[in-house]
Structures are given as C-alpha cells and as structure tokens.
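Grab a pencil and work through these exercises with the model open beside you. Each task comes with a solution that goes step by step.

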Amino acid sequence: MLTPEEVAEKHLTAVKGGDPFLMAEDYAQDALLVRGEDVFAGKEEILNYFAGVPNRMGSGVIKFMKVEVDGASVSFFWEITDDKKVVSGKDVMIIKNGLIQHQEVTLLTEDF
C-alpha cells in the first residue's frame, strides 16, 4: 500500500500528464472533492470533473509547490500559467489506506 506522500506524488504526476482516468484513479469510491461551492461525491463524479480539466486548462502549465505531509494530511500550493494569466490555489487531501478520501481545493485567484 502506498504512503500518503506516495499517493500524492502519483496524483500530482497524473494531473501534470492530463489523463482524467489517472487523475481519478487515486480516489476512494466514496471520496469527496470540494472545490469552492462545488462538491463532487464519489469516484464517478470526480472522474467527470477531471474529464473537463485538460480542456479548461487549455495551454496552461501547472506547477506544484510546497508539498507538505502531516500524517494522513497532504497539502500543496499550485499555479497554472498560460500566456494571459496565472491562476493559483491550495489543496488539502486526506489520504487513508492508499486512497484519497477527501480533497479541499481553495482558489487563491480567479478560476481557470
């Protein structure tokens, strides 16, 4: 079973690669992804959310910074940069039994 740090690294690599199936692979069946007012409940809804991410990012490039692990909690800052703007945020994930159980996304700028 992967540690929380290993799960987070695997997930961030999948996000950088832009494959929605790999992005959703690390979530528990009953996971919650909370992104502002939007709540995606369960692996299927989370997969549907990730299916739209590559299109929404367009030519933007994502960079992850300051990954911190505290037991089951993993937090990190990120930014997406394209030729017009920089979008940034912070995520906090709870990872148990090798899967993401809960993720909270906080936007620090406008949405991408």
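**Exercise 1.** Classify Lys-10 by its relative accessible area, then find its salt-bridge partner and say what the pair ties together.

*Solution.* Start with Lys-10: its relative accessible area is 33%, so it is partly exposed (buried means under 20%, exposed over 50%, partly exposed in between, with a 1.4 Å probe and protein chains only). Next, look for a salt bridge, meaning a side-chain nitrogen of Lys or Arg within 4 Å of a carboxyl oxygen of Asp or Glu. The side chain of Lys-10 meets that of Glu-25, at 2.7 Å from N to O. Lys-10 sits in helix 1 and Glu-25 in the loop between helix 2 and strand 1, so the bridge ties together parts 15 residues apart in sequence. Glu-25 is partly exposed too, at 39%.

A quick word on the ground rules: residues are numbered from 1 along each chain as its sequence is written. The model is predicted, so local features need pLDDT of at least 70 and side-chain atom pairs count only at pLDDT 80 or more, while totals for chains, interfaces and linings use all residues; side-chain values use heavy atoms, with hydrogens and water left out.

**Exercise 2.** Where do the partners of the Arg-35 to Asp-111 salt bridge lie, and are they buried or exposed?

*Solution.* First the geometry: the two side chains meet at 2.6 Å, N to O. Then the location: Arg-35 belongs to strand 1 and Asp-111 to the segment after strand 6, so the pair bridges 76 residues of sequence. Finally the exposure: Arg-35 is buried at 8%, whereas Asp-111 is partly exposed at 33%.

**Exercise 3.** Do the same for Lys-85 and Glu-110, then work out which residues share a salt-bridge network.

*Solution.* The closest N and O atoms of Lys-85 and Glu-110 are 3.8 Å apart. Lys-85 is in the loop between strand 4 and strand 5, and Glu-110 in the segment after strand 6, 25 residues away. Lys-85 is partly exposed at 31%; Glu-110, at 52%, counts as exposed. As for shared partners, Lys-10, Glu-25 and Asp-26 are joined into one network. The overall count is 5 salt bridges.

**Exercise 4.** Which residues touch the most other members of the largest nonpolar core, and which elements feed that core?

*Solution.* A nonpolar core is a set of buried Ala, Val, Leu, Ile, Met, Phe, Trp, Tyr and Cys residues joined through side-chain atoms within 4.5 Å. Here the largest one has 29 residues, and Phe-50, Trp-78 and Phe-112 touch the most other members. Among the elements that each supply at least two of its residues are helix 1 (4-17), helix 3 (42-57) and strand 5 (86-96) (helices are DSSP runs of H or I with at least four residues, strands runs of E with at least two, numbered from the N terminus). Now zoom in on Phe-112: leaving aside residues up to four places away in sequence, its contacts (heavy atoms within 4.5 Å) include Arg-35, Tyr-49, Trp-78 and Val-87.

**Exercise 5.** How many helices and strands are there, and in what order do they run?

*Solution.* Count 3 helices and 6 strands. From the N terminus, the order reads α-α-β-β-α-β-β-β-β. To finish, 38% of the 112 residues count as buried, and the C-alpha trace spans about 40 × 30 × 25 Å along its principal axes.
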